[in-house]
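Grab a coffee and work through a few exercises on a two-chain protein. Try each task on the structure before you read its solution.

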There are 2 protein chains.
Amino acid sequence: MKKSKKSALQETGGISISEITSTNSIEKLKKKRNAKIDTESLITSILNKDITALSRAITLVESKNPKHLKKANIIIKGCLPHANKSIRIGITGVPGVGKSTFIETFGKYLTNLGKRVAVLAIDPSSSITKGSILGDKTRMEALVQDENAYIRPSASGDTLGGVARKTRETITLCESAGFDVIIIETVGVGQSETTVHSMVDFFLLLKLAGAGDELQGIKRGIIEMADAIAINKADGDNLKAANLAKTEFTRALHLYPAKDSNWQPKVTICSAVENNGIDTIWGIISDYIETTTKNKHFSVKRNEQNKYWLIQTIEEKLKSNFFNQSKIKCELKKQLELIENNKTTPFAAADFLLNL
Amino acid sequence: MKKSKKSALQETGGISISEITSTNSIEKLKKKRNAKIDTESLITSILNKDITALSRAITLVESKNPKHLKKANIIIKGCLPHANKSIRIGITGVPGVGKSTFIETFGKYLTNLGKRVAVLAIDPSSSITKGSILGDKTRMEALVQDENAYIRPSASGDTLGGVARKTRETITLCESAGFDVIIIETVGVGQSETTVHSMVDFFLLLKLAGAGDELQGIKRGIIEMADAIAINKADGDNLKAANLAKTEFTRALHLYPAKDSNWQPKVTICSAVENNGIDTIWGIISDYIETTTKNKHFSVKRNEQNKYWLIQTIEEKLKSNFFNQSKIKCELKKQLELIENNKTTPFAAADFLLNL
């Protein structure tokens with residue numbers, strides 16, 4: 001190992017220094033390369049509401065490089081005591097319901113109240129389509145230009161669990177950077193609503209008035225999760241239908257069992273385009289925060305969510321650790337064939353695989 | 001180990017032989033005690049439709065004694081090639097819908113057609129209440145006395161997974177004993193419908209006509225699972241309301257997305273008490289079997305169910321193996337406290353516990 005290398009392939013000198021690569025600029029380049037990301041100063045900057053530092057930290061969180069993740073963990077740990085102070089709002093709705101316009105109007109309403117607003121997104125499909133629902137920031141031009149708003153396109157990832165972790169950690173970073181309201185948008189694909197629901201304080205469902213939409217389009221279970229339903233595009237000719245839908249949903253919601261929070265979900269109408277009813281929605285959310293803070297449900301829910309994510313993460317890892325073993329992959333295939341041919345039962349096969 | 005025992009506690013003689021305990025009967029008793037459960041002959045008897053043998057095998061399946069379970073596994077393996085030939089029907093509905101009466105009337109209808117019918121039940125609550133929905137066999141007196149029917153009270157167990165395994169294995173045994181139709185009743189508590197749905201070919205939802213019942217009482221997702229909805233107690237004054245409910249449900253079902261099986265769920269009315277509409281329900285089921293056999297969905301579904309149970313069993317074991325370690329239990333508690341005090345994140349805590 002300590003042999004001195006002598007090889008014709010090694011060059012020890014002889015490269016001419018061109019004008020561009022002057023000794024000076026080489027030194028600068030070396031310095032830049034060596035400059036390690038200083039986690040301590042990054043934490044301080046985040047706590048000082050430095051958006052560039054926040055973005056850098058989020059990039060570390062989203063990185064696949066283990067070195068970056070190690071740094072990300074240090075930063076998150078440093079930020080943790082300063083987090084947890086925002087209101088986390090999840091917003092969902094089928095495509096076409098006007099989520100972007102709503103978030104822009106709602107976000108502007110909040111910044112006008114003096115609040116600092118961060119907008120994140122969970123988009124499990126982005127890992128497939130390589131797109132991102134918030135990638136096209138031009139959809140929220142006014143909010144992008146607002147210095148009290150921070151819009152971060154959705155983290156991509158191979159698993160919803162991975163995306164969820166990144167988003168959760170991004171919430172922590174945003175909270176430490178002093179954002180009062182964190183809005184998390186979901187596209188309503190796959191399990192994304194459940195994922196978002198399990199990391200927010202308040203879950204808002206945007207709906208459209210109109211035949212069929214009440215039952216179709218919307219996945220079952222979503223209405224159950226909603227703390228409020230806002231019927232959007234309640235303007236012009238649509239106003240009457242929106243009010244009708246409001247009555248219908250209010251009636252339907254009363255048939256659902258009461259929530260643990262003792263909160264009776266509210267139904268309201270709004271028009272994001274005409275900036276109508278946005279104040280009512282914020283009123284509902286404020287009511288909710290007050291009610292659940294009083295009855296302690298607010299913190300109970302956050303603790304439950306934390307526990308859920310802890311257990312969820314462990315279970316996901318246990319499964320992937322087991323099923324990703326090449327031996328298991330191979331034997332699993334064989335056992336499935338045996339089951340198909342009535343040579344074994346699923347339970348005996350499971351016992352066999354677990355004993356490998 | 002080979003020491004000769006000499007103890008004052010041992011009696012070597014002196015007991016008077018009463019008339020009842022004659023030498024002959026003592027010998028018989030000894031033989032009986034020593035007679036080990038012969039798995040080979042049990043399998044043969046089951047295949048010969050011997051109900052006593054079937055019941056003994058099911059008792060082995062349900063036993064908690066590892067020796068019994070080992071024997072159960074041998075018997076199941078021996079029966080497997082002869083199983084898989086029945087039609088498995090799941091029946092659910094809220095308490096009061098008339099499940100027992102329905103199953104009795106339906107069962108008698110089938111035995112009159114010359115079919116052999118086994119009735120099982122999944123009742124996850126029985127482990128808590130120590131009761132069993134089919135324990136009170138007097139509720140199905142006519143069916144109990146029918147020699148072509150076999151009613152087995154619900155297996156109890158600590159976990160729904162355990163109950164499910166026992167029920168699945170009982171199905172295998174019943175099928176090997178030549179039963180053509182296996183009916184599995186569920187009480188509609190907790191996850192029991194999902195469990196039953198994942199082990200039957202056809203899922204029948206019993207309903208009552210009447211206000212509110214359409215939305216209340218019934219858990220969301222159940223309607224989605226149903227291959228047919230039968231509105232029971234459609235007799236007397238109730239007939240009109242039942243027909244109305246039928247129209248409503250038919251309309252509602254059309255709004256749901258089409259199933260993989262290409263089967264459009266049917267809605268019908270019946271009166272188990274008056275023995276009306278039972279033939280229609282059997283007609284629907286027969287239709288379903290024909291359609292799904294033609295389009296191969298029948299066997300595809302069974303294979304998917306097997307795969308589901310294989311994966312499900314492995315995952316459940318992985319989790320319980322991990323979380324039941326006393327070290328993990330202790331550290332989990334500590335990590336949850338750290339999370340609650342903002343000292344760590346759920347993800348960092350998960351990493352920590354997994355690395356223990």
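What follows is a set of worked exercises on this predicted model.

**Exercise 1. Get a feel for chain A: how many helices and strands does chain A have, and what share of its residues is buried?**

Start with the secondary structure: chain A has 15 helices and seven strands. Next, look at burial. Of the 356 residues in chain A, 46% are buried. Finally, check how the chain contacts itself. Take the contacts in chain A with a separation of 6 or more; 73% of them come from residues 24 or more positions apart.

**Exercise 2. Work out which turn and shift lay chain A on chain B, and name the relation.**

Superpose the two copies. A turn of 180° with a shift of 0.0 Å along the axis puts chain A on chain B, at an RMSD of 0.4 Å. That is what a two-fold axis does.

Now ask which surface each copy uses. Of the interface residues of chain A, 100% are also interface residues in chain B, so the copies meet through the same surface.

**Exercise 3. Describe the interface: how many residues does each chain bring, and how much area is buried?**

Step one is the head count. Chain A puts in 46 residues, and chain B puts in 46 residues.

Step two is the area. About 4500 Å² is buried between chain A and chain B, and carbon and sulfur atoms give 71% of that.

Step three is the polar side of things. Six salt bridges cross the interface of chain A and chain B. There are also six residue pairs in polar contact across the interface, counting pairs with both residues at pLDDT 80 or more.

Step four asks which helices do the touching. On chain A, α4 (66–79), α8 (160–176), α13 (297–323), α14 (326–340) and α15 (346–354) each supply at least two residues to the side that touches chain B. The biggest giver is α13(A), with 14 residues. Sorted by class, this side of chain A has 25 nonpolar, eight polar and 13 charged residues.

**Exercise 4. Find the A:Asp351 partner in chain B: which side chain meets A:Asp351 in a salt bridge?**

Go to A:Asp351 and look across to the other chain. Its salt-bridge partner there is B:Arg165, with N and O 3.1 Å apart. With a cut-off of 4 Å between nitrogen and carboxyl oxygen, the pair qualifies.

**Exercise 5. Explain why the salt bridge between A:Glu62 and A:Arg152 ties together parts that are apart in sequence, then look for its counterpart in chain B.**

For scale, the count over all chains is 20 salt bridges. In this one, the closest N and O atoms of A:Glu62 and A:Arg152 are 3.1 Å apart. A:Glu62 sits in helix α3 (residues 51–62) of chain A, while A:Arg152 is in the loop between β3 (149–151) and α8, so the bridge ties together parts 90 residues apart in sequence.

How exposed are the two ends? A:Glu62 is partly exposed at 23% relative accessible area, whereas A:Arg152 is buried at 14%.

Then check chain B. B:Glu62 and B:Arg152 form a salt bridge, with closest N and O atoms 3.1 Å apart. Here B:Glu62 is partly exposed at 23%, and B:Arg152 is buried at 13%.

Bridges can also share partners: A:Arg165, A:Glu169, A:Lys317 and B:Asp351 are joined into one network that way.

**Exercise 6. Decide whether A:Asp201 and A:Arg302 are buried or exposed, and say where each one lies.**

First confirm the pair: the side chains of A:Asp201 and A:Arg302 meet in a salt bridge at 2.7 Å, N to O. Then place them. A:Asp201 is in the loop between α9 (192–197) and β5 (202–208) of chain A, and A:Arg302 is in helix α13, 101 residues apart. As for burial, both A:Asp201 and A:Arg302 are buried.

**Exercise 7. Look at the backbone of A:Asn84 and A:Asn342: what is the sign of phi, and where do these residues lie?**

Take A:Asn84. Although not a glycine, A:Asn84 has a positive phi of about 70°. The residue is in the loop between α4 and β1 (87–92) of chain A, and at 28% relative accessibility A:Asn84 is partly exposed.

Repeat for A:Asn342. Its phi is positive too, about 60°, and it is not a glycine either. A:Asn342 is in the loop between α14 and α15 of chain A and is partly exposed at 21% relative accessibility.

Conventions:
Residues are numbered from 1 along each chain as its sequence is written. Chains are lettered from A and ligands numbered from 1 in the order in which they are written. Side-chain values use heavy atoms; hydrogens and water are left out. Contact means heavy atoms within 4.5 Å. Buried area is the accessible area (1.4 Å probe) that two parts lose on being put together, summed over both. A polar contact is a pair of N or O atoms within 3.5 Å; within protein, one must be able to donate a hydrogen and the other to accept it, and residues adjacent in sequence count only if both atoms are side-chain atoms. Helices (H or I, at least four residues) and strands (E, at least two) are DSSP runs, numbered from the N terminus. Ala, Val, Leu, Ile, Met, Phe, Trp, Tyr, Cys and Pro count as nonpolar, Asp, Glu, Lys and Arg as charged, and the others, Gly among them, as polar. Buried means under 20% relative accessible area, exposed over 50%, partly exposed in between (1.4 Å probe, protein chains only). Copies are superposed by least squares on the C-alpha atoms of residues with pLDDT of at least 70 in both.
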